[in-house]
Amino acid sequence: MFSSRVSVRLRAAVAVGAVTALAAAGCSSSTSSKSSAKGNAPINIGLITALTGSNQALGPDHLNGFQLYLDTHNDMLGGHKVSLKVGDEANGGAAAVPVAKKMIEQDHVLAIAGIVATPTIQAVVPIATAAGVPVVNTGGRPTVKDVSHLWTMSFMSTDPGASMGPYMAQNVPGSVYAFGPDYQGGYDQLRGFTDAYTKAGGKLANDGGKATFTPFPNTTDFTPFLSKVKASGAKAIYCFYTGQNAIDFVKDWSQSDAKDIPLYAAGFITEGGALKAEGQAANGIITTMNYSPDISSAANRQFVSAWSQKYNGEAPPATAMYSWDAASVLDQAIAKAGPNPTPDAVNSAIKAMGQIDSPRGTWQLSADTHVPVQKWYLRKVEMDGTALANVKIGDLATIGS
Amino acid sequence: MGAINTHFVPALDGVAYGLLLFVAAAGLTLLFGIGGVLNIAHGTLFALGGYLAASVSDGSWSSAFLGLAVATVGGTLCGGLLAAGTLPLADRGHLPQALLTFGLSLVGADVLTTVYGTDEHPVVIPKSVNGTVQIFGHVYPTYRLMFIVVASVLALVGTYVLGRTRAGALLRAAADDREMVGAMGYAPWRVHAALCGAAGALAGLAGGLGAPIIGPGPDTADKVLMLSMVVIVLGRPGSVLGAFGAAIAVGEIETLGVSISSNWAPYLLFGLMAVALVVRTFRGSSAVGAGAAAGAHA
Amino acid sequence: MRIPAVLLSRPVRIGVPGAALAVFLLIAPSSFDGYGISLMSKALALGVLAVSVSILAGYSGLPTMGQAAPFLVGAYTAGVMSTHGHTVGVLQLLCGTLVAAVFAAATGLVAIRTRGVAFLMTTLALGELTVTAAGEWRSLTGGTDGMYGITAIQPLPGMAALSSDRSIYWFVLTATVVVIAVVWWVLRSPVGKLLLACRDHEARMRSAGHPVTRYQWLAYVAAGALAGFGGVLMCTVNAYVSPDDGSFSNSALVLLAVVLGGAISPLGALLGAGLIVATQDWLSGPFPGHGPLLLGLMFIVAVYALPDGVAGIRFRVPKRRGGPA
Amino acid sequence: MTDVSSVSANVSPGSADASSVSANMSSVSANMIEVSGLTKAFSGGTLAVGGLDLTFEAGRRHAVIGPNGAGKTTLLNLIAGELRPTAGRIRYNGRDVTRTSRVKRSRLGIARTFQQPTVWSTLSVADNIALAAWPHSKVRGKWRRGRYRTLSEYCERYLETAGITALADRPAGALAHGERRMLDIGMALAAEPRVLLLDEPAAGLTDQGVERLLTAMRALPQEVTVIVVEHDFAFVSAVADTVTVLQDGKLLATGTPTEIAADAAVRTAYLGESGVVPDAVEEVV
């Protein structure tokens with residue numbers, strides 16, 4: 001029964017290992033808890049992003065945009081040297097809880113930036129709110145009960161669809177087939193589209209008049225879903241996909257019966273690495289986004305040139321821009337929060353912030369939802385010089401409330 | 001007619017997808033069914049093959065073949081590494097090997113993202129197979145059509161090698177009784193190394209061949225592993241024909257099944273898998289009387 | 001390396017690591033901050049899940065890859081109760097355990113028919129189906145975004161709500177100690193012998209007239225109930241539940257925790273879970289994104305360094321039987 | 001694995017007219033086990049048992065002998081319920097048990113031992129016996145420690161009978177082959193069966209062990225029916241009052257040990273010209 005000789009050593013080894021490991025955790029926590037901001041002493045900022053798991057293709061841009069801002073601003077935010085504490089949200093949700101607790105309890109961060117997946121927001125924001133730490137979020141934004149400490153740099157999950165809906169109702173001569181992944185962000189994105197689209201008089205071509213949701217993350221072959229589009233008589237497709245799903249969807253679309261039916265989408269489908277992987281298959285896709293690298297403004301030129309200098313002449317993805325803005329918002333808020341900034345002071349300073357000058361143009365945070373009130377642009381994938389790029393072809397509505 | 005027309009492409013695609021799964025799972029079923037190693041790092045080898053093929057591809061036929069060669073060699077080398085790692089565990093049952101390969105897959109995933117980043121790497125395939133063809137009025141990717149042919153040939157070759165050649169006979173003997181192979185004058189470690197190498201080569205080759213369909217990215221390893229496990233368990237480990245049938249079935253479930261009942265799409269794969277496993281166990285138990293060894297190996 | 005006989009006596013073997021763990025669990029919170037304490041709470045909740053896996057994989061010879069499913073059911077039960085205003089911790093534990101037991105009783109009818117790798121894959125399939133259902137059943141579970149901002153519980157009616165990581169820790173610790181003591185007591189009783197005998201030689205048990213399938217079904221239900229208990233604790237610790245809590249990787253990690261802990265030792269399973277949490281959440285802190293790498297290295301080392309921890313689990317593969325004898 | 005060179009030792013030449021001995025011998029005792037048309041075909045087409053009609057009378061000591069592959073162990077497996085027959089019926093004490101599970105058959109009073117003695121290796125010898133007795137004991141609530149102790153104490157007699165009292169606290173996995181064989185037999189006895197199926201019980205035992213086994217078998221209550229499959233004809237002669245010879249899954253002859261030893265057909269088929277069983281290849285379990 002319990003009589004193996006080795007299992008004694010094993011038991012002892014595991015016990016000793018676990019105890020030392022956790023004890024060491026305790027020690028390190030007690031030493032690091034001394035750090036507090038004094039004068040222009042260094043400050044800690046947390047950044048949560050997906051470095052592993054099903055969203056890892058999206059994660060690095062959140063980090064890189066923030067880091068680029070620090071690189072171009074002497075590693076300072078609001079006059080303080082910044083020590084960036086990066087945490088991995090993995091698949092999103094519960095995995096981020098210890099990460100956030102560590103940032104708040106051990107690193108005493110002034111604010112938490114980043115967050116890719118919406119479950120992570122739901123898991124982290126209550127913890128941060130309870131501790132009074134502002135969350136400056138750069139990924140998709142779901143509906144949240146208490147937004148007092150949540151500031152979104154990107155958009156409300158329903159916004160991209162809401163901006164595209166009326167445009168497609170007017171410009172597509174017939175019905176539209178809608179697709180999205182079957183997670184909450186996907187539901188929100190498609191709800192934004194279908195509500196706005198049907199309100200503007202459009203009609204979905206899908207079976208039963210409801211958008212089609214594909215299993216996430218297990219769908220690798222979209223062909224069976226796409227095979228229904230042509231028969232439905234749709235004149236266009238609208239979809240929301242990101243990361244690997246986006247690449248697979250575009251490739252399958254470009255080689256299916258539906259390839260002659262124009263593809264409209266929320267902009268993430270052709271952002272950054274996805275566009276590179278899709279290649280010519282993506283040519284001609286029309287997307288909606290609150291950013292395009294070819295916007296001409298001083299702020300954008302500074303951002304684009306810094307990015308392309310660091311990343312082999314590539315155009316920056318919108319996500320990196322949100323993260324850049326997160327750093328920029330924190331920069332201004334911390335500066336206003338006085339020589340000894342506290343999370344609460346930073347939160348109040350963000351709240352008091354007016355117009356924000358950003359690479360995407362000026363925008364401001366909605367007082368209700370803490371989401372940008374901003375302009376959405378219509379973009380088309382075209383050859384720009386030697387490479388494909390998301391080229392701005394028009395303006396859509398300004399959205400936000 | 002209307003229904004046939006609607007479901008024609010999914011049904012055809014099911015064959016292509018099934019064959020892709022078959023090619024992907026071949027290395028796993030070989031190593032598990034015959035070598036007794038449940039290689040959790042199998043998906044990682046597949047992804048490695050994909051990355052390697054992608055890194056040399058430039059759209060020419062020569063680069064495509066070079067890509068396949070590089071992927072196969074890379075897979076073989078990693079298979080050798082696997083052989084070295086699992087050999088000391090040979091007498092300790094399946095779990096230590098599964099645990100080791102699970103560890104290796106985690107380490108491998110980290111290495112791959114460190115080297116190749118988190119973006120999917122596109123494979124530039126030769127122009128002549130990059131387009132689409134018309135079949136019965138439907139558009140279908142040329143590459144997948146070609147893949148059906150290539151994978152069928154691979155399946156036939158595999159069945160032939162395993163069923164009709166001396167090496168195959170040796171491997172089948174090894175599956176039944178490893179000591180006997182030793183008694184026949186082959187050092188067990190050589191059989192083990194050859195199996196691991198062959199399984200690695202198959203995984204690498206599959207990664208290279210499949211890269212234009214399941215492009216190498218950070219998710220590839222997990223997805224391929226999961227689907228391959230489903231295929232080999234449904235097809236009974238070690239059985240080429242079984243794996244083939246199971247792969248086509250899973251392929252059709254994921255395409256035709258989804259097309260017919262898209263509302264149930266999220267549940268289809270695992271639901272049917274659970275049903276199949278239980279039904280088979282029931283049938284097996286009545287036939288063999290639930291003997292000491294669980295289930296019979298047909 | 002020879003070990004003196006006195007160190008091998010039973011009190012020393014179980015007592016020393018047990019006592020070390022007890023002392024650590026009792027004094028550590030005073031030197032830890034909220035983060036460290038919440039990690040310990042998480043390790044305990046995951047440890048209860050690991051013990052449930054050890055009942056199946058170690059004691060009953062049923063290596064499961066889907067034990068996170070009843071864990072998820074328990075966690076959601078607690079979440080749903082909290083959102084409907086039922087915040088008494090003990091009540092949540094009871095209900096979560098019960099609902100998970102019912103869930104396991106139903107899924108067990110299917111799973112228990114299979115053996116070895118087929119059992120592994122059937123439980124994996126059931127786990128994935130549960131996760132999918134949790135994501136799709138949005139009216140109850142809140143979908144893939146999960147249930148969030150879950151109200152803090154009060155341990156017993158009339159007591160104050162647990163507002164700090166520290167008070168949650170004491171609640172989780174108490175609950176864990178109670179339930180592990182019960183499990184320990186049961187497994188050391190003749191019931192444990194029955195399970196071990198089924199694991200050792202199932203066919204012989206049947207030949208001797210034991211209704212093995214019923215025993216294993218009961219073990220499956222009991223393990224499911226225990227996992228549900230752990231799920232309620234996890235919900236209390238995280239104040240958040242999402243389908244990801246029931247993911248395949250959770251099931252796999254816990255199975256590995258059991259392997260690390262020596263398969264048939266509840267204490268070992270608990271320590272194994274602690275080691276995994278320490279590696280994944282704490283050790284990887286300075287290397288964001290490399291948690292899996294560290295876990296992977298740990299497994300590789302464990303395979304070679306702890307052979308007997310690994311050998312305790314029987315992992316049977318369908319094998320060709322001999323012809324007529 | 002078993003060396004059976006001693007088999008022929010006690011075979012004495014007997015009268016030559018025993019080949020006509022039929023299976024339907026008249027008897028006062030009831031038929032405990034009755035198989036009719038029993039057939040078992042394995043996948044691959046091997047016919048292990050082909051249309052067997054046999055009766056095992058209550059309270060008698062039956063031996064089943066035959067060359068390897070004759071279907072002896074398959075017959076035991078069919079009676080015990082480890083295998084389902086392809087065709088035919090099995091009756092136990094007048095009741096049709098063809099489709100009854102082995103768990104149920106065990107509970108009805110059919111116990112068996114195995115060619116390769118099987119025990120629960122992580123448990124102690126005493127626990128092995130107690131667990132074997134468990135389903136057949138009238139003690140209620142055996143899952144409780146106290147009741148289990150009662151059961152264990154009661155079971156000490158079987159340890160004694162099997163001669164393994166000294167090993168009671170040893171893990172069964174640590175036993176030598178012969179000790180494990182005796183434990184297997186002790187476990188079967190602990191079930192207090194009405195029908196006891198022994199699959200080559202003497203194989204691998206020392207002379208002392210065989211002696212112990214013989215004593216144990218003689219000590220069995222008279223009403224217990226014993227069916228023993230055995231190679232060792234000396235052992236068979238010592239314990240059996242009826243011997244059944246199988247060949248290629250079919251009945252060759254039935255009779256007393258003396259009659260069988262004298263049977264010409266049996267001698268050719270089974271004992272061979274030299275009187276030594278051609279047993280170079282042992283069957284695989």
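**Entry 1: helix H11 of chain B**

I began with helix H11 (residues 240-260) of chain B, which has 21 residues and reaches 29 Å from its first C-alpha to its last, close to the 30 Å expected at 1.5 Å a residue. I should record at once that this is a predicted model. I then looked for a bend and found one of about 35° at Ile253(B). I also checked how far H11(B) is covered: 16 of its 21 residues are buried, and the helix is therefore noted as mostly covered.

**Entry 2: helix H2 of chain C**

I next turned to helix H2 (residues 34-59) of chain C, with 26 residues. Its first and last C-alpha atoms are 36 Å apart, close to the expected 38 Å at 1.5 Å a residue. Where is the kink in H2(C) centred? I located it on Val53(C), with an angle of about 30°. As to burial, 26 of the 26 residues of H2(C) are buried. After the helix comes Gly61(C), whose phi is positive, near 70°.

**Entry 3: Gly43 of chain B**

I looked up a single residue, Gly43(B), which lies in helix H2 (residues 42-56) of chain B. Is Gly43(B) buried or exposed? I counted 27 other C-beta atoms within 10 Å of Gly43(B); a residue is buried if the count is 20 or more, so Gly43(B) is buried.

I then listed what Gly43(B) touches, leaving out residues up to four places away in sequence: Ser105(B), Thr220(B), Ala221(B), Asp222(B), Val224(B) and Leu225(B). One of these, Asp222(B), is 179 residues from Gly43(B) in sequence, yet the two C-alpha atoms are 6.1 Å apart in space.

**Entry 4: annotated spans of chain B**

I consulted the UniProt record for chain B, an unreviewed entry. Under "transmembrane region" it lists residues 15-41, 61-87, 99-118, 143-162, 193-214, 226-251 and 263-282. I examined two of these spans in the model. Residues 61-87 of chain B are 96% helix and 0% strand, and their end C-alpha atoms lie 38 Å apart. Residues 143-162 of chain B are 100% helix and 0% strand, with the end C-alpha atoms 28 Å apart.

**Entry 5: where chain C touches chain D**

How many residues does each chain give to this contact? I noted 20 residues from chain C and 33 residues from chain D. On the side of chain C, the elements that give two or more residues are helix H8 (190-200) and helix H9 (202-207). H8(C) gives the most, with 7 residues. By class, I recorded 9 nonpolar, 7 polar and 4 charged residues on the side of chain C that touches chain D.

**Entry 6: chain A and its confidence**

For chain A, an unreviewed UniProt entry gives the annotation "domain: Leucine-binding protein" over residues 42-385. I found that span to be 40% helix and 20% strand, with its end C-alpha atoms 44 Å apart.

I then checked the confidence. Chain A averages a pLDDT of 88, and 90% of the residues score at least 70. Among its elements, strand S6 (residues 150-152) has the highest mean pLDDT, 97, and helix H1 (residues 5-32) the lowest, 45. Over residues 1-12 of chain A the pLDDT is below 50, and this stretch has 21 contacts in the model beyond near neighbours in sequence. Residues 18-39 of chain A also have a pLDDT below 50, with 39 contacts counted in that way. I added a caution to myself: where pLDDT is low, the predicted coordinates should not be read in detail.

Note on methods:
Residues numbered from 1 in each chain as written. Chains lettered and ligands numbered in written order. Predicted model: local features only at pLDDT ≥ 70, side-chain atom pairs only at ≥ 80, totals over all residues. pLDDT = per-residue confidence, 0-100. Helix = DSSP H or I, 4+ residues; strand = E, 2+ residues; numbered from the N terminus. Contact = placed C-beta atoms within 7 Å. UniProt positions renumbered as here; feature names shortened; annotations may be inferred. Nonpolar A, V, L, I, M, F, W, Y, C, P; charged D, E, K, R; others polar. Expected span 1.5 Å × (residues − 1). Bend = angle between axes of the 7 residues up to and from the residue. Buried ≥ 20, exposed ≤ 12 C-beta atoms within 10 Å, placed from the backbone.
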